Amino acid sequence: MNAAPLDGCVAWPDEFAARYRERGYWIGENLYAGLARGAREHPERTAVICGERRWSYAQLDRDARRFAAGLRRIGVAPRDRVLLQLPNIGEYYVACHALFLLGALPVFALPAHRRAEIGYFVGHADVRACVIADRDGGFDCRAMIREVRAEHPGLREVVVIGEAEEFHAFHALLDEPLQGDGPDAAEFAFLQLSGGSTGVPKLIPRTHDDYLYSVRESARICGLDGETVYLCVLPAAHNFPMSSPGALGVFHAGGCVVLARQGDAESCFALIQRERVTLAALVPALALAWLESRARARYDLGSLRCIQIGGAHLAGDVARRVPAVFGCRLQQVFGMAEGLVNYTRDEDGEEFALGTQGRPISDDDEIRIVDDDDVVVAPGEIGHLLTRGPYTIRGYYRADAHNARAFTADGFYRTGDRVRRLASGHLIVEGRAKDQVNRGGEKIAAEEIEGYLLAHPAVFDAALVAMPDRFLGEKSCAFVTLREPAQATPRELAQFLRERGIAAYKIPDRVEFLAELPRTAVGKIDKKALRARFAPPAVASFPESATAEVSP
Ligand code: OOB
């Protein structure tokens with residue numbers, strides 16, 4: 001029925017696609033259509049607020065069409081991959097929609113990513129163009145892209161928002177608006193990033209059909225409407241603030257997205273007061289910072305109706321404080337860029353709202369909870385969460401070998417999370433089996449960092465594990481054995497990693513040298529034993545001389 005899927009993407013088997021269409025999940029509308037409709041139905045309404053700048057629906061639609069025309073003029077074609085790395089600024093949504101309309105696929109890099117990650121995405125996805133800011137904070141994004149381009153000449157076109165230097169200026173690409181309705185909704189729409197647990201980051205291909213379904217239903221479940229004013233404070237490219245229900249959900253409902261450049265309580269409270277924000281999406285670490293901030297007393301936060309929290313484990317006492325302190329509803333969100341998203345609902349009693357991570361969006365989200373041998377556990381027991389459904393991918397982009405492990409033969413995605421399901425269908429996240437550190441919602445694949453450490457000539461072996469942290473939930477600790485004692489210091493290793501050009505949040509918070517790493521009976525590094533070292537009182541017995549906290 002449809003053209004062959006983009007090379008390297010795994011489509012749903014025909015029988016599933018047919019079922020998802022029949023049941024009205026996939027409606028054949030692409031991710032541009034909602035903006036076009038908004039511009040027709042309520043052109044004057046404000047869609048985006050970014051500092052003192054505002055875009056109405058009509059202006060957002062017009063800018064997106066103009067930028068799409070400019071991108072086409074410089075050679076960007078349907079199915080081309082275009083890396084997008086921007087801070088939380090209005091142009092982000094212009095660029096996103098321009099690419100959706102063109103049928104080119106944004107690759108959603110995070111602002112924290114550096115040469116190593118960006119270079120990898122560009123190479124792996126044959127990225128042909130990118131849209132970046134001139135600077136972000138003190139960091140010159142153009143200089144980084146020059147380095148990436150030296151290694152990947154296939155990255156032909158660079159568009160810069162701000163001072164473009166030798167590259168295309170964003171404003172010079174705002175041509176006469178491109179007309180048209182955009183691509184077939186069965187097409188793959190973009191590549192999202194996976195938190196990852198392996199050596200190289202994985203890219204997640206999502207279709208217009210599947211993603212729009214999750215956006216529409218999320219907007220409905222969360223009760224969004226034209227009155228919604230949503231604070232986007234997490235990086236706009238992340239799946240949570242993009243689609244759960246995120247900015248796309250808000251545009252779908254005709255509401256307004258307020259962009260926050262900084263997550264600190266004071267600036268966010270000021271925005272909430274000024275723009276009468278009704279909904280904000282936070283990771284637990286940010287919620288904790290807001291709760292602990294004294295600035296609260298100085299602002300009127302009475303417009304807030306709901307604070308969503310997701311992305312990492314939310315401690316019960318923090319959950320309880322949110323409605324008490326902010327006088328609004330708490331909604332827990334347990335989601336993943338690969339698909340499945342769970343919400344606690346308005347009608348859930350306090351017990352469920354505070355004590356669970358919600359239940360899936362769709363009746364057709366299939367949940368399977370299994371033991372280590374893939375055998376389904378008894379109801380209510382803890383096990384590995386596997387899932388399959390109308391918006392959960394069937395494979396990572398260009399990753400055949402990994403896909404064979406990350407998915408079951410019948411197409412269930414192995415989330416790596418350990419959960420328990422209540423009779424009501426609500427899930428409680430009990431932990432995770434994947435080899436990852438969840439640092440305040442930012443995911444770090446242990447294997448990736450271990451690989452970088454092993455490249456240091458003095459390092460014999462390395463293991464990265466999570467250590468508990470009061471604010472971030474988890475921080476990372478690298479346990480390292482050296483070829484010869486005292487050949488490197490923790491600081492040197494951190495510096496070595498920084499020089500690899502990786503995102504700052506991935507630099508281990510602490511490095512500890514051991515004479516040897518503990519092993520399991522089969523000879524694998526025993527990470528459980530390493531993590532157990534952080535359980536009190538063991539933490540007090542660290543020999544101070546051999547450890548160091550390294551701040552990125
Ligand atoms: C969200 O997406 P990702 O792709 O950055 O990370 C997904 C992983 C999950 O597999 C789980 O390990 C963890 O993040 N996680 C949670 C959680 N929400 C996500 N762990 C415990 N409690 C929660 N509430 O993080 C994401 C995507 C869409 C919506 C919300 C979060």
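Here are legends for close-up views of this predicted model.

**View 1. The ligand and the residues around it.**
Let's start with the ligand, which has 19 residues surrounding it. The closest of these are His238, Val333, Asp417, Lys434 and Lys443. By residue type, the shell splits into 7 nonpolar, 9 polar and 3 charged.

**View 2. Polar contacts to the ligand.**
Zoom in on the ligand's oxygen atoms and three side chains come up. In the side chain of Asp417, an N or O atom sits 2.5 Å from a ligand oxygen. For His238, the distance from a side-chain N or O atom to an oxygen of the ligand is 2.8 Å. Lys434 also shows a 2.8 Å distance between a side-chain N or O atom and a ligand oxygen. How much of the ligand's accessible area does the protein cover? On its own the ligand has 590 Å² of accessible area, and the protein covers 95% of that.

**View 3. Helix H8 and strand E16 beside the ligand.**
Which elements give two or more residues to the shell around the ligand? They are helix H8, residues 239-243, and strand E16, residues 329-336. E16 gives the most, putting 4 residues into the shell.

**View 4. The open sheet E19-E20-E21-E22.**
Here you're looking at 4 strands in an open sheet, ordered E19-E20-E21-E22 and paired antiparallel. Strands E19 (366-370) and E22 (427-432) are at the edges with a single partner strand each, so one side of each has no neighbour in the sheet. From one strand to the next, the twist averages 45 degrees.

**View 5. Strand E19 against strand E20.**
Going closer on one edge of that sheet, E19 pairs with E20 (residues 383-388) in the antiparallel sense. How many bridges does the pairing run over? There are 5 bridges between E19 and E20. Look for Glu366, which stands opposite Arg388 in E20. As background, strands of a sheet pair through backbone hydrogen bonds, in either a parallel or an antiparallel way.

**View 6. Thr356 in its loop.**
Thr356 is in the loop that runs between helix H13 (350-355) and strand E18 (359-360). Is Thr356 buried or exposed? Its relative accessibility is 2%, so Thr356 counts as buried, the cut-off for buried being under 20%. The Thr356 side chain has polar contacts to the backbone of two residues. A polar atom of this side chain lies 2.9 Å from the backbone oxygen of Phe352. The side chain of Thr356 also reaches the backbone nitrogen of Gly358, at 3.1 Å.

Notes: Residues numbered from 1 in each chain as written. Predicted model: local features only at pLDDT ≥ 70, side-chain atom pairs only at ≥ 80, totals over all residues. Heavy atoms only, no water. Pairing = 2+ DSSP bridges. Axes fitted to C-alpha atoms, helices over the stretch in contact; angles between N-to-C directions. Near = heavy atom within 4 Å. Polar contact = N/O pair within 3.5 Å; in protein donor to acceptor, adjacent residues only side chain to side chain. Areas by Shrake-Rupley, 256 points an atom, 1.4 Å probe, with all protein chains shown as cover. Nonpolar A, V, L, I, M, F, W, Y, C, P; charged D, E, K, R; others polar. Buried < 20%, exposed > 50% of the residue type's maximum accessible area, 1.4 Å probe, protein only.
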